[in-house]
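User: Please look closely at one residue in this model, starting with the contacts it makes. Then work outwards, so that I can place it among the sheet, the helices and the cores.

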Amino acid sequence: MDKDRLFLARLEDLLGRAEERYMTVAGDFMDAHQKKMATDFMRQMKIPEASRTGDDYQGIRYMFAGGYEGAERTVPLFVPDYEQGDVTNEFLTAVRVRISPGVKQLTHRDYLGSLMGLGIDREVTGDIIVRDEDSEEGPGADIVVLSSMADFILSDYIKAGRTYLSCETIPLADVYKGSGKVTYRRDTVASLRLDSVVAGGFRLSRSKAAEAVRMGLVAVNGAEALKTDMEVEEGDIISFRGRGRVTLAQVGGASRKGRLFIEFAIPG
């Protein structure tokens, strides 16, 4: 709770600075829990979204940006009404990390751990998208960071464990979106409760899935989901921190025992 109060205090400070200076102000990267708090804060303060057009509102608007569409980690941006263009590129930078083909592939945890080993706070790094050896861009990762950290990463991020790295900045539009390959897996669930679907999607016991939901590790369509009995729907994207994401691609009929047939779409 202390962390939540501190986060909201910082958010309020950012809004105050944007209003006082009447300029765009950006915060640090948020997880799904913080994004929900930020959204509730904006509604409470009656701050409209920057995407809203066609009204006569004059003042500061807000938006969330992660460097590419569908990003899990995003930063809050407070934008004055006179700003018409895309301001994301002023605050976020994509760093492409390469490793040599043929060496042991690194995982999301490897990249995150080695960045933390440099003394870099998680709040200045966004999504880490791991590329495999078969990708056109070659093995490595694309990492979205605050622009203020880009030069430090380019000069100091040279190893992850025993693996040597090379880094360069790339346009946000070129961030790796995945191989485009999707595998499908069928399962049955007792109901479309979130804990049941998470258990099926990530091959966990129901109790472990419920615990993960209560701990704030699960998001649905980018929004934190803390209620185990929340009903999910066909098409929902379910993210599990540290485990990836699945889409509930199809909900079918019921088996003789009353269980629902479902199908997951798993990227990569």
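Analyst: **One strand residue and its surroundings**

Leaving aside residues up to four places away in sequence, Glu168 touches Ala94, Val95, Arg96, Arg98 and Leu154. The model is a predicted one, and within it Glu168 belongs to strand S9, which covers residues 166-170. Its relative accessibility is 33%, and it is therefore counted as partly exposed. Glu168 and Glu12 are 156 residues apart along the chain, and their C-alpha atoms are separated by 34 Å.

The largest nonpolar core has 35 residues, of which Leu92, Tyr111, Ile143 and Tyr157 touch the most other members. Two or more residues are given to this core by each of S3, strand S4 (92-98), helix H4 (108-117), strand S5 (125-131), strand S6 (140-146) and helix H5 (150-156). S6 makes the largest contribution, with five residues. Leu92, again without counting residues up to four places away, touches Phe29, Ala65, Gly66, Gly67, Val75, Val144, Val145, Leu146, Ser147 and Leu172. Apart from this core there is another, of 21 residues, which include Leu192, Ala199, Val232 and Leu248.

Two of the residues touched by Leu92, Ala65 and Val75, lead to a sheet, since Ala65 stands opposite Val75 in S3. Three strands make up this open sheet, in the order S1-S3-S2 and with antiparallel pairing. Its edges are strand S1 (25-26) and strand S2 (60-65), each of which pairs on one side only. Between S2 and strand S3 (residues 75-80), the antiparallel pairing extends over six bridges. Helix H1 (residues 2-21) packs on the sheet and touches S1, S2 and S3, with a direction that makes about 20° with that of S3. Helix H2 (residues 32-45) also packs on the sheet, where it touches S2 and S3, and its direction makes about 165° with that of S2.

H1, the helix that holds Glu12, also meets H2, and the axes of the two helices come within 11 Å and cross at roughly 50°. H1 and H2 are therefore oblique to each other, and their crossing is right-handed. On the H1 side the contact involves Asp4, Phe7, Leu8, Leu11, Glu12 and Leu15, which meet His33, Gln34, Met37, Ala38, Phe41, Met42 and Met45 in H2.

The core of 21 residues, with Ala199 among its members, leads to helix H6 (residues 194-202), which is mostly covered, nine of its nine residues being buried. These are Leu194, Asp195, Ser196, Val197, Val198, Ala199, Gly200, Gly201 and Phe202. They pack against strand S10 (182-189), helix H7 (206-214), strand S11 (218-220), strand S13 (237-240), strand S14 (244-254) and strand S15 (260-267). Just after H6, Arg203 adopts a positive phi of about 55°.

The axes of H6 and H7 come within 8 Å and cross at roughly 115°, which makes H6 roughly perpendicular to H7. This crossing, too, is right-handed. The residues that meet are Leu194, Asp195, Ser196, Val198 and Ala199 in H6 and Arg206, Ala209, Ala210 and Val213 in H7.

Methods:
Residues numbered from 1 in each chain as written. Predicted model: local features only at pLDDT ≥ 70, side-chain atom pairs only at ≥ 80, totals over all residues. Heavy atoms only, no water. Pairing = 2+ DSSP bridges. Helix = DSSP H or I, 4+ residues; strand = E, 2+ residues; numbered from the N terminus. Contact = heavy atoms within 4.5 Å. Axes fitted to C-alpha atoms, helices over the stretch in contact; angles between N-to-C directions. Buried < 20%, exposed > 50% of the residue type's maximum accessible area, 1.4 Å probe, protein only. Core = buried A, V, L, I, M, F, W, Y, C linked by side-chain atoms within 4.5 Å. Parallel < 35°, antiparallel > 145°, perpendicular 65-115°, else oblique. Left-handed = near helix turned anticlockwise from the far one by under 90°.
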